[in-house]
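Here are my notes on the model you sent over. Have it open while you read, since the points go residue by residue.

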Amino acid sequence: MCGISGYYGFTEGKPLLKAMNDAQAHRGPDGEGYFTHGKIGLGHLRLAIIDRAHGAQPLSNQDESLTIVYNGEIYNYLELRAELEQVGYTFTTNSDTEVVVHAYAAWGETAFDRFNGMFAFALYDKTADRLLLVRDHFGIKPLYFATISEQKITRVLFASEIKALLASGKIAKKPNDRIIYRYLKFRIHEDSDQTFFEGINKLMPGEMMVLDKNGIDIKRYTTFDEELVALAGNNLPYDKNVAEIYHEKLLHAIKLRLQSEVTVGTSFSGGLDSSTIVAVINELMHQDKTATQSVGARQNTYSAIFPQSANDEEHYVDALLEQCKGDVAAHKIKPDADGFVKDLVDFIRTQEEPLISTGPYAQYKVMQEATKHVTVLLDGQGADETMAGYIPYYFVYLRQLKAQGQWLKLTTELFTSIDIFLRFIRVNLMAKLWRKKAIPAASLLHRSFKARYKDERFDIVRDNLKLRLIDDIFYHSLPALLRYEDKNTMRFSLEGRVPFLDKEVIKYLFGLSEEAIIKSGWNKRILRDATRGLLPELINRRRNKIGFTTPEHEWFMRLKNRFYSIFLSESFANRHYFDQPT
């Protein structure tokens with residue numbers, strides 16, 4: 001895990017690269033490196049995880065025709081390396097970075113679709129005199145860029161973080177009002193290639209940018225999302241063997257993500273997803289000590305807890321800790337309102353762009369503690385978007401059954417989900433009672449600001465469960481969570497790994513019928529079946545989704561005077577987004 005930066009079309013050399021690197025130095029405390037050649041510049045900051053002794057970057061192949069700066073991990077790199085060695089490629093390091101370089105030399109752009117992992121890299125092909133910028137299939141690792149056109153010459157800057165681009169001194173700091181409007185109106189903020197900063201964009205999942213004498217070409221190197229759509233139509237029947245196969249695939253995905261020369265820990269909320277990772281690693285520690293060498297004698301887990309709060313999950317955490325007694329070193333973190341105020345400026349600078357809740361602050365505090373003990377942290381991100389972890393997915397599925405005329409199944413799902421729907425109604429009713437004097441957010445916006453963007457729309461898939469999940473994986477829900485994850489981990493020089501976002505695991509899941517996802521009122525059915533007997537029943541059969549969040553309402557009531565002072569300020573009034581009197 002690292003930070004990368006670079007340029008195409010400039011000639012300033014190392015000083016420009018160093019200015020960008022210094023702004024994101026937290027991403028790579030273990031080393032830095034630079035490469036310049038004519039109008040190409042590449043910068044690298046290293047967080048050393050694999051082949052710590054020899055994996056420094058920028059890294060070139062033997063004849064120096066290819067040079068790369070790379071952020072991420074290719075988990076199937078050993079398999080790819082063996083294949084490359086069979087056709088004559090030799091390696092001077094044990095790093096996955098060198099595998100990326102030789103894979104491109106052997107297979108060209110088709111190599112990228114063979115990678116199973118998380119990555120964002122810049123690869124300079126000296127022979128073809130072209131620069132490639134590439135982002136992984138899910139967008140786990142970020143890659144931002146800005147194009148600067150002057151006198152018919154196009155130049156490009158790129159980096160792992162927005163603040164690095166701003167530090168270049170070549171980009172005007174301007175807000176992107178369209179994205180701000182969509183955020184305030186629809187609560188969305190990661191569904192396109194635009195950012196909140198005018199002129200700064202990002203590569204989308206599965207995209208690559210080619211920079212050469214012909215200009216700029218952004219294209220997809222993969223059809224992975226289309227594969228999932230095609231697999232979604234298979235609807236292979238769900239039987240008792242399916243959960244066993246899924247368990248083996250997930251086990252393999254977790255084992256791949258334990259590859260490390262530094263200590264690996266686990267982010268553990270007490271929910272089904274993170275609990276599964278903790279339990280599987282605990283199982284592996286007894287069955288395959290070679291696979292868990294990076295974990296150490298005891299697995300380090302990190303949990304945010306909120307005693308006496310309605311959304312506290314400590315009793316779920318404790319249930320699994322008791323089951324794993326002696327094998328886990330548990331770390332419990334207690335974020336609070338005072339700490340939130342104290343950390344607020346750094347937290348916002350860490351995330352760089354707005355969020356839709358304070359939930360990621362709990363993650364921020366977890367990472368702040370975890371960095372004292374480990375360098376890699378496994379997390380449960382992605383399970384909700386692949387296995388319908390949120391209540392709205394139930395409604396999508398019910399509408400799908402209605403559209404298909406499956407009335408018996410629809411009736412069964414309605415009846416068996418009644419407790420979920422009642423809780424959903426109760427929570428929303430209570431929220432309305434708490435906020436009975438509140439004004440809808442849209443009416444707080446300034447009239448001219450609303451008028452300028454009145455034609456903006458936000459559409460979602462409403463009556464096809466798998467298509468909705470695919471949409472949320474690549475555009476709506478998951479991209480925001482992955483941004484939070486990357487920024488929070490890297491702020492504290494940690495590498496976050498997400499085993500539920502394994503290509504093979506997800507392809508298998510989407511080829512099954514919807515009953516693998518929702519059945520008789522139970523979401524994540526296949527995961528529940530795969531972990532029955534592995535997890536405490538309290539966790540395996542829990543139906544109340546809380547999520548990695550904070551007691552936000554309680555905090556805001558305590559801090560409301562501080563917020564009102566902002567709303568009453570002159571600087572707030574001078575912005576054109578809100579109607580201040582309202």
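The points below cover the strands, then the salt bridges, the cysteines and a surface patch.

1. One thing to keep in mind throughout: this is a predicted model.

2. I'd begin with the open sheet. Five strands make it up, ordered β15-β14-β13-β16-β17, and they pair in parallel. The edge positions go to β15 (328-333) and β17 (495-497); each has a single partner strand, so one side of each has no neighbour in the sheet. On average, neighbouring strands here are turned by 30° against each other, direction ignored.

3. Inside that sheet, have a look at β13 (residues 264-267) and β14 (residues 299-304). These two run parallel and are joined by two bridges. Serine 267 has tyrosine 302 in β14 as its bridge partner.

4. Strand β9 (residues 153-159) is worth a stop, being mostly covered, with five of its seven residues buried. Strand β1 (residues 2-8) runs antiparallel to β9 and is joined to it by four bridges, with serine 5 opposite alanine 159. Strand β8 (residues 144-150) is also antiparallel to β9, this time over seven bridges, and there alanine 146 faces leucine 157. The hairpin of β8 and β9 has two residues between the strands, and glutamine 151 takes a positive phi near 50° in it.

5. There's another hairpin at β11 and β12, again with two residues as the connection. Strands β11 (residues 207-212) and β12 (residues 215-220) are antiparallel and share six bridges. If you want a register check, methionine 208 sits opposite lysine 219.

6. On to charges: the salt bridge count is 40. One of them links lysine 170 and glutamate 12, at 2.6 Å from N to O. Lysine 170 is in the loop between α4 (162-166) and α5 (177-186), while glutamate 12 is in the loop between β1 and α1 (14-23), so the contact ties together parts 158 residues apart in sequence. Both ends are partly exposed: lysine 170 has 31% relative accessibility and glutamate 12 has 37%.

7. Compare that with glutamate 161 and arginine 27, whose side chains form a salt bridge at 2.9 Å, N to O. Glutamate 161 comes from the loop between β9 and α4, and arginine 27 from the loop between α1 and β2 (32-37), so parts 134 residues apart in sequence are tied together. Here glutamate 161 and arginine 27 are both buried.

8. A third pair is aspartate 338 with arginine 558, where the closest N and O atoms are 3.2 Å apart. Aspartate 338 belongs to helix α10 (residues 337-351) and arginine 558 to helix α22, so this one ties together parts 220 residues apart in sequence. Aspartate 338 is partly exposed at 49%, whereas arginine 558 counts as exposed at 57%. Elsewhere, salt bridges with shared partners join Arg27, Lys141, Glu161, Lys163, Glu352, Asp486 and Lys487 into one network.

9. How many disulfides does the structure hold? Zero. As for individual cysteines, cysteine 2 is buried at 4% relative accessible area, and cysteine 324 is buried at 2%.

10. Last, a surface item. Tyr564, Ile566, Phe567 and Leu568 make a nonpolar patch with about 450 Å² of accessible area together. Phenylalanine 567 lies in helix α22 (residues 552-567), and its 41% relative accessibility makes it partly exposed.

Conventions
Residues numbered from 1 in each chain as written. Predicted model: local features only at pLDDT ≥ 70, side-chain atom pairs only at ≥ 80, totals over all residues. Heavy atoms only, no water. Patch = residues over 30% accessible without salt bridge, like charges linked within 9 Å, V, L, I, M, F, W, Y side chains within 5 Å. Areas by Shrake-Rupley, 256 points an atom, 1.4 Å probe, with all protein chains shown as cover. Salt bridge = Lys/Arg side-chain N within 4 Å of Asp/Glu carboxyl O. Buried < 20%, exposed > 50% of the residue type's maximum accessible area, 1.4 Å probe, protein only. Disulfide = S-S within 2.5 Å. Pairing = 2+ DSSP bridges. Axes fitted to C-alpha atoms, helices over the stretch in contact; angles between N-to-C directions.
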